[in-house]
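Got your viewer open? Have the selection box ready, and we'll walk through this one stop at a time.

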Amino acid sequence: MFTLAEVASLSDIQPTYRILKPWWDVFMDYLAVVMLMVAIFAGTMQLTKDQVVCLPVLQSTVNSKAQPDTSGKADFTTVEPTTGQGEEVSMGTLSFESAPTVTPGFFLSGATASQYQPTESGQELKKEQKDSSGRKTNLDFQQYVFINQMCYHLALPWYSKYFPYLVLIHTIILIVSSNFWFKYPKTCSKIEHFVSILGKCFESPWTTKALSETACEDSEENKQRLTGAQSLPKYVSTSSDEGSPSASTPMITKSGFKFSADKPMIEIPSVTILDKKDGEQAKALFEKVRKFRAHVEDSDLIYKLYVGQTVIKTVKFIFILCYTANFVNTISFEHICNPKVEHLIGYTQFECTHNMAYMLKKLLISYISLICVYGFICLYTLFWLVRIPLKEYSFEKVREESSFSDIPDVKNDFAFLLHMVDQYDQLYSKRFGVFLSEVSENKLRGISLNHEWTYEKLRQHVSRNAQDKQELHLFMLSGVPDAVFDLTDLDVLKLELIPEAKITAKISQMTNLQELHLYHCPAKVEQTAFSFLRDHLRCLHVKFTDVAEIPAWVYLLKTLRELYLIGNLNSENNKMIGLESLRELRHLKILHVKSNLTKIPPNITDVAPHLTKLVIHNDGTKLVVLNSLKKMTNVAELELQNCELERIPHAIFSLSNLQELDLKSNSIRTIEEIISFQHLKRLTCLKLWHNKIVSIPSSITHIKNLESLYLSNNKLETLPAAVFSLQKLRCLDVSFNSIAVIPVEIGLLQNLQHFHITGNKVDVLPKQLFKCVKLRTLSLGQNCITSIPDKVSQLLQLTYLELKGNCLDRLPVTLGQCQLLRKSGLVVEDHLFDALPSEVKEVLNQDTSIPFANGI
């Protein structure tokens with residue numbers, strides 16, 4: 001026989017799962033334990049004390065009380081019917097201590113026993129004893145034992161014998177049904193993971209600190225509400241968790257921190273200070289919760305399994321109650337037994353007593369009471385499952401009580417588990433919701449970020465850029481550290497790959513800030529911060545993957561002068577760009593778009609009257625519609641790079657104020673249209689580099705004011721004399737073509753300061769070249785030049801000379817007479833430089849800082 005502890009272990013669930021056991025499941029577990037005790041107690045009693053005692057019924061008594069059984073089968077009649085519930089009964093040891101007294105020496109076998117009459121005289125009995133022969137064997141006792149055992153099986157109802165075992169089996173089934181969802185592999189893995197995460201979230205220091213911070217914020221809000229502030233404080237953001245920003249200034253919609261009028265930020269007490277270990281653990285919990293939600297929210301297996309086991313328990317309760325009612329009357333103290341062994345015993349009928357009937361009756365009543373309570377609880381559970389949608393869970397109450405208004409509602413198994421936890425303690429769900437909030441996660445990141453990126457560390461990352469401005473570049477951080485806004489002397493701020501960048505009101509301290517870079521960084525700003533940027537920001541760079549990443553507040557920076565947009569702006573997304581809002585940028589002068597446009601968006605013409613420079617860098621997508629360029633009458637600089645242009649667009653000829661045209665990296669083969677440039681009186685710079693131009697038309701002479709001409713990386717083979725009639729030309733770049741001869745007419749360019757012919761087939765340098773005495777840069781590398789004339793000494797302003805990659809065997813000694821030329825500006829093979837006289841090398845090795853600077 002097994003012990004109670006062994007059976008009770010079936011209902012043992014890990015203590016950590018108790019938070020998923022509502023009160024009805026706990027109560028039913030206790031009821032199941034009590035039913036187990038009833039079954040084991042009844043079974044033990046049957047094994048030790050179950051007795052059936054039978055006595056023969058005389059013929060006259062039989063005739064008067066019950067007729068003999070003529071069917072040839074054993075039957076019994078219940079004398080004292082009782083009500084109860086069937087349970088299993090085990091056979092006990094029979095005893096004859098309570099049997100009636102029988103005179104020793106009398107046998108109940110054969111005809112003698114059947115003819116025995118209790119009224120005979122003692123003398124007749126003695127006479128029979130004397131007449132009998134044989135040895136005394138006490139067979140009368142064995143006959144009663146035989147009858148007792150036979151009648152136990154024939155006369156006693158099966159429900160009285162097996163009642164305890166039925167109770168045990170039913171209880172075990174109920175226990176298994178109650179805890180099956182904790183054991184089934186498809187559900188227990190999710191449950192175990194959920195309980196583990198829930199416990200860590202509940203005990204995490206960040207949970208307490210986040211809720212405490214919310215309390216501090218609420219206290220501050222109440223304080224401000226009680227003081228009745230009549231106007232918007234200096235650093236108060238109108239963007240709150242509950243409301244939306246004003247229509248005129250689209251700022252951040254969820255502000256993690258509140259600001260007061262007396263100081264830039266509310267300094268949260270030490271509750272916001274987390275040590276590094278706690279911060280890292282909280283970050284890991286946010287990631288675990290995110291992954292667990294994605295894993296569990298896609299199915300409802302746990303919910304279905306719980307509903308299924310509840311239905312099974314309800315059906316089991318109804319079944320037990322129904323069949324028990326049919327057998328309750330079979331438990332009785334008295335029974336009539338007709339064993340049909342008259343040839344052995346001499347009697348046909350016996351009256352038996354079952355001494356456990358009274359106890360079984362009481363146990364059966366107790367069991368019925370317990371199973372009824374159990375059933376009513378099952379019905380209540382079903383009602384609870386149907387009454388509310390358990391596959392949906394709303395954190396609305398938590399959102400109302402805290403500042404984390406972005407806690408999302410969940411569904412399916414995730415929602416069901418949270419409903420079950422609420423039956424244990426709603427505080428678990430509230431604390432768990434903190435780790436579902438992006439606002440909470442951002443606050444944690446902000447605290448960790450501010451702890452790591454102090455003012456001193458940020459100061460070490462400040463550098464000077466090419467424009468000699470103080471610049472800070474922050475890359476792949478979780479947010480913008482608060483200490484950044486304490487760098488009041490910063491000129492340029494670059495934020496790259498910072499998904500949760502938030503610009504707070506403290507940016508108003510950065511009075512020198514004029515340039516901001518947002519690379520894949522959809523920054524959110526508070527209203528006060530926006531007001532500062534609107535009045536002070538002059539240059540903005542926005543790099544994005546999708547057009548939706550462009551912050552809406554960009555189009556409201558009325559004092560912005562330079563805007564750089566780098567990202568996907570193809571024709572399908574042009575309607576989403578929002579460039580129509582550029583009309584608000586009344587002071588915008590430079591618009592730089594690096595994208596994949598197929599046409600210039602018509603909306604750009606809204607700002608055409610303001611623009612002085614338009615730059616479009618395509619990724620190789622052909623730009624076909626350029627008519628809107630005609631409206632940009634004030635554009636002075638125009639760049640159309642990598643747009644697959646095959647000819648110079650005619651719309652350009654209408655830009656009367658155009659001064660610089662750059663058509664780099666296109667597919668232009670002919671430039672016959674260049675004659676139309678004569679209408680562009682202000683054109684001074686023409687860049688046609690990296691194309692497929694094979695010749696320069698003589699009509700180029702009509703561009704009389706041209707000062708810079710870039711034709712590098714084309715397919716030119718000759719330089720026409722017409723080029724050298726441009727008397728104002730100061731820069732000529734024909735590098736990386738197939739030019740073999742430098743025309744002698746080059747000497748006519750008296751204003752030429754920069755001449756680049758690197759990467760061609762030139763073998764001789766004309767002496768007229770050195771009449772261009774204003775030359776400062778001369779690039780002759782990667783040609784076939786065999787010698788450098790001594791007249792190079794006439795180039796007194798020369799600061800850069802490239803000769804590397806030619807067929808030179810020596811350098812002219814007269815290089816030393818080029819007063820501004822130094823070794824740093826001389827690009828030549830080392831052995832040629834070493835072959836120069838020592839006095840020339842000394843001149844070239846002199847300190848170049850002052851002369852070179854003056855030359856530049």
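Here is a short tour of some annotated spans and a handful of salt bridges. Keep in mind that you're looking at a predicted model.

**Stop 1: the annotated spans**

Start by selecting residues 27–47, 162–182 and 364–386. An unreviewed UniProt entry annotates these residues as "transmembrane region". Now zoom in on 162–182: this span is 100% helix and 0% strand, and 31 Å separates the C-alpha atoms at its ends. Then hop over to 364–386, which is also 100% helix and 0% strand. Try a distance between its end C-alpha atoms, and you should get 33 Å.

**Stop 2: a buried pair**

Next up, salt bridges. Searching the whole structure turns up 17 of them, and we'll visit a few. Select Lys21 and Asp29 and show their side chains. These two form a salt bridge, with 2.7 Å between the closest N and O atoms. Are the partners buried or exposed? Asp29 has a relative accessible area of 14%, so it counts as buried, since the cut-off is under 20%. Lys21 is buried too, at 8%.

**Stop 3: strand to strand**

Now jump along the chain and select Lys613 and Glu637. Their side chains meet in a salt bridge, 3.5 Å from N to O. Colour the strands and you'll see what is being joined: Lys613 sits in strand E15 (residues 613–618) and Glu637 in strand E16 (residues 637–641). The two residues are 24 apart, so to speak, along the chain, and the pair links distant parts of it. Switch on a surface here: Lys613 is partly exposed at 21% relative accessibility, and Glu637 is partly exposed at 28%.

**Stop 4: loop to loop**

Stay in this part of the chain and select Lys622 and Glu646. Here's another salt bridge, with the closest N and O atoms 3.8 Å apart. Where do the partners sit? Lys622 is in the loop between E15 and E16, while Glu646 is in the loop between E16 and strand E17 (660–662). Again, the pair links distant parts of the chain, 24 residues apart. Both partners are partly exposed: Lys622 has a relative accessible area of 42%, and Glu646 comes in at 48%.

**Stop 5: a little network**

For the last stop, select Glu287, Arg290 and Lys291. Rather than a single pair, you'll find three residues linked in a network of salt bridges. Show the side chains and trace how Glu287, Arg290 and Lys291 connect.

Conventions:
Residues are numbered from 1 along each chain as its sequence is written. This is a predicted model: local features need pLDDT of at least 70, side-chain atom pairs count only at pLDDT 80 or more; totals for chains, interfaces and linings use all residues. Side-chain values use heavy atoms; hydrogens and water are left out. A salt bridge is a side-chain nitrogen of Lys or Arg within 4 Å of a carboxyl oxygen of Asp or Glu. Buried means under 20% relative accessible area, exposed over 50%, partly exposed in between (1.4 Å probe, protein chains only). Helices (H or I, at least four residues) and strands (E, at least two) are DSSP runs, numbered from the N terminus. UniProt positions are given in the numbering used here, feature names are shortened, and annotations may be inferred rather than shown by experiment.
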